[in-house]
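Hi,

Here's the structure I said I'd pass on. Have a look at it first, and then read on for what I found.

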Amino acid sequence: MITSEKAHGLTGEEIAFYDQNGYVLAKGVFTREEAALFREETHALAHRLMSVSDPSVRSEGWTSGAKVTDLRRELVHCHNVQFHSAALARLIIDPRLTDRAADIIGPNVQLHHTKMFIKPPERGAPFPMHQDYSYFPHENHTMIAATIHFDDAPIEKGCIRVVPGSFKNGLYDHIHEGGSHLPTEQYPVEEATPCPAETGDVLFFSYLTIHGSGLNITDQPRTTLLVQMRDPSDRPMGLQHLSRGQGVMLRGIDPEADAGSHVASKSRYLSQLSEE
Ligand SMILES: O=C(O)CCC(=O)C(=O)O
């Protein structure tokens with residue numbers, strides 16, 4: 001049934017954990033069967049893109065990943081999957097995801113972008129520790145990521161790792177080379193807190209939370225979809241990381257969009273472009 005009522009929030013305990021740590025793992029948000037279908041959908045998408053040799057789909061990941069491991073690295077990725085697959089478009093407006101996001105952001109939840117990652121077996125690329133804030137700073141810091149797990153992500157598969165509480169300290173100095181990242185000697189991936197997840201779990205974290213992930217050394221891929229979301233009234237501080245689909249409402253309303261064409265809405269992609 002379609003309803004505007006909130007049906008799927010985080011528990012009080014989960015909200016308290018997030019408030020203290022800047023991340024929370026919500027267990028079993030999607031069933032294993034549903035996650036298996038989304039996994040099929042993402043792998044089929046990757047195959048379609050690889051079959052036409054799209055150069056953006058397969059890479060070694062961030063070149064700064066070489067500071068984390070000497071081993072071979074590979075990452076399969078696609079931005080804004082909602083333009084490729086209706087099943088994935090439906091997923092990002094699913095109230096089981098967006099109601100939980102609303103417990104962190106507020107009732108109105110707006111899309112920034114999506115990113116599918118497949119970390120291939122034995123060489124799935126690591127991400128050095130970083131804050132997403134360094135890529136797309138906003139005024140009110142409502143931006144969060146939700147990583148939806150389409151298969152199990154134990155430590156050996158290179159699950160996401162975080163520095164609990166780091167979101168309370170603002171922006172750390174990043175090295176802007178090969179993917180913005182923190183100095184790897186000071187912030188080793190393997191010393192951060194691992195967030196091993198199971199199929200169907202969703203990890204929510206603030207864009208100020210220091211996070212990264214290790215190499216996938218197992219014989220199975222790690223498959224995830226990251227959905228980056230914000231309060232529509234939270235303004236970007238620059239024109240970084242614009243993409244198609246940015247500004248789509250996933251839950252609630254955009255009060256600026258509804259306030260008439262005379263109201264500037266810097267938070268929306270098209271109005272940003274027309275100001276350039
Ligand atoms: O999915 C991962 O392993 C990490 C991704 C990440 O850190 C990012 O996209 O900012």
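Let me start with one pairing: isoleucine 148 has valine 202, in β11, as its bridge partner. Keep in mind that this is a predicted model.

That pair belongs to a longer run of contacts, with strand β6 (residues 144–149) and β11 antiparallel and joined by five bridges. Strand β1 (residues 23–26) also runs antiparallel to β11, with four bridges between them. There, alanine 26 is the residue standing opposite valine 202 in β11.

So what about β11 itself (residues 202–206), covered or not? Mostly covered, with five of its five residues buried. Val202, Phe204 and Ser206 point one way from the strand, while Leu203 and Phe205 point the other way. That fits the usual pattern, since side chains in a regular strand alternate between the two faces of the sheet.

Two β11 residues turn up again in the largest nonpolar core, which has 60 residues: Leu203 and Phe204 are listed with Ala101, Ile144 and Ala146 as having the most contacts inside it. Beyond its close sequence neighbours, leucine 203 is in contact with Tyr23, Leu25, Thr147, Ile160, Cys195 and Ala197.

Now the ligand, which is probably your bit. Thr147 and Ile160 show up again among the residues around it, along with Lys115, Phe117, Phe127, Asp132, His211, Gly212, Ser213, Thr224 and Leu226. Two or more shell residues come from each of β4 (109–119), β12 (211–213) and β13 (222–230), and β12 gives the largest share, three residues. By type, the shell has four nonpolar, five polar and two charged residues.

Cheers

Notes. Residues are numbered from 1 along each chain as its sequence is written. This is a predicted model: local features need pLDDT of at least 70, side-chain atom pairs count only at pLDDT 80 or more; totals for chains, interfaces and linings use all residues. A nonpolar core is a set of buried Ala, Val, Leu, Ile, Met, Phe, Trp, Tyr and Cys residues joined through C-beta atoms within 7 Å. A residue is buried if 20 or more other C-beta atoms lie within 10 Å of its own, exposed if 12 or fewer, and partly exposed in between; C-beta atoms are placed from the backbone. Two residues are in contact if their C-beta atoms, placed from the backbone, lie within 7 Å. A residue is near a molecule or strand if its C-beta atom, placed from the backbone, lies within 6 Å of it. Ala, Val, Leu, Ile, Met, Phe, Trp, Tyr, Cys and Pro count as nonpolar, Asp, Glu, Lys and Arg as charged, and the others, Gly among them, as polar. Two strands pair if DSSP finds at least two bridges between them. Lists of a residue's contacts leave out its neighbours within four places in sequence.
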